Amino acid sequence: MNQPRPKARLSRALGIPLTRKCVRYFERRPFPPGVHGRQRRKTSDYQVRLLEKQRLRHQYNVSETQLRRAFDEAARSAGKTGESLVALLERRLDAVVHRAGLTRSIYQARQLVAHGHFTVDGRKVDRPSYRLRPGQVVAVRERSRTTLPFQLAAAGANAAEGPGQPYLSVELAELRATLLREPARHEVPVICDEQLVVEFYSR
């Protein structure tokens, strides 16, 4: 999903930095954008739940339709709906690529996946929404390994945001990652109260 709004402005509207580059802008102006950004405003229950839904959506860079579809699937599954929703989103190919440290942001991950730079179990996959199953291996295509973004990734340039997830086995030097198992909610570094998202869609 192409997001035309500047990421720093969107980060301020959501109350969380969406990328590492946005952190310093957000820290300098930690209030919503616009002339009324500093004013205290009453927030309704609907507004609180809408904000949490938007936070989750933009952290995974998915459209409203994609998020709603994931929620409907999570609601049909066993276990807590909110935790299942986050787990489903976390298993998206672009999310796994980003968590593995192969890209610097979820936006770059989506772009590089769509351009056909990755394989899953040896087969090229260019759908960012492709959902991985435990045991599947994601790797950078041989012809793409010499490009600058992947040379930086192999050197550990994105390691601060990437490796460290216990549900992933990452080999940065080999530009490869394996999804070991379903991610648990407490292991996923997403800033969101997923229960409020469930309440938003269940209203």
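These legends go with a set of views of one protein chain, shown as a predicted model.

**View 1. The whole chain, with its nine helices and five strands.**
Start with the overall layout. From the N terminus on, the elements run α-α-α-α-α-α-α-β-β-β-α-β-β-α. The chain has 203 residues, and 47% of them count as buried. Its accessible surface comes to about 10,900 Å², with 48% of that belonging to carbon and sulfur atoms. As for how the chain folds back on itself, take the contacts between residues at least 6 apart in sequence: 56% of these join residues at least 24 apart.

**View 2. Confidence along the chain, from helix α2 to strand β1.**
Before zooming in, here's how far to trust the model. The average pLDDT is 86, and 84% of the residues score at least 70. Helix α2 (residues 22-28) is where confidence is lowest, at a mean of 62. At the other end of the scale sits strand β1 (residues 118-120), which has the highest confidence at 97. Where pLDDT is low, don't read the predicted coordinates in detail.

**View 3. The open sheet of five strands.**
Read across the sheet and the strand order is β2-β1-β3-β5-β4, with antiparallel pairing. The edges belong to β2 (123-124) and β4 (168-171); each has a single partner strand, so one side of each is left without a neighbour in the sheet. Further in, β1 and β3 (residues 137-140) run antiparallel and are joined by three bridges.

**View 4. Thr 119, a buried residue in strand β1.**
Now for a closer look at one residue of β1, Thr 119. Its relative accessibility is 13%, and since the cut-off for buried is under 20%, Thr 119 counts as buried. Across in β3, its bridge partner is Ala 139. Ala 139 also turns up among the residues in contact with Thr 119, once neighbours within four places in sequence are left aside. The others on that list are Lys 124, Val 125, Val 137, Val 138 and Arg 141.

**View 5. Helix α9 and what covers its buried residues.**
The last stop is helix α9, which spans residues 194-202. Its buried residues are Glu 194, Leu 196, Val 197, Val 198, Phe 200 and Tyr 201. What covers them? The cover includes three other helices: α3 (45-59), α4 (64-76) and α5 (81-90).

How values were computed: Residues numbered from 1 in each chain as written. Predicted model: local features only at pLDDT ≥ 70, side-chain atom pairs only at ≥ 80, totals over all residues. Heavy atoms only, no water. pLDDT = per-residue confidence, 0-100. Helix = DSSP H or I, 4+ residues; strand = E, 2+ residues; numbered from the N terminus. Buried < 20%, exposed > 50% of the residue type's maximum accessible area, 1.4 Å probe, protein only. Contact = heavy atoms within 4.5 Å. Pairing = 2+ DSSP bridges. Areas by Shrake-Rupley, 256 points an atom, 1.4 Å probe, with all protein chains shown as cover.
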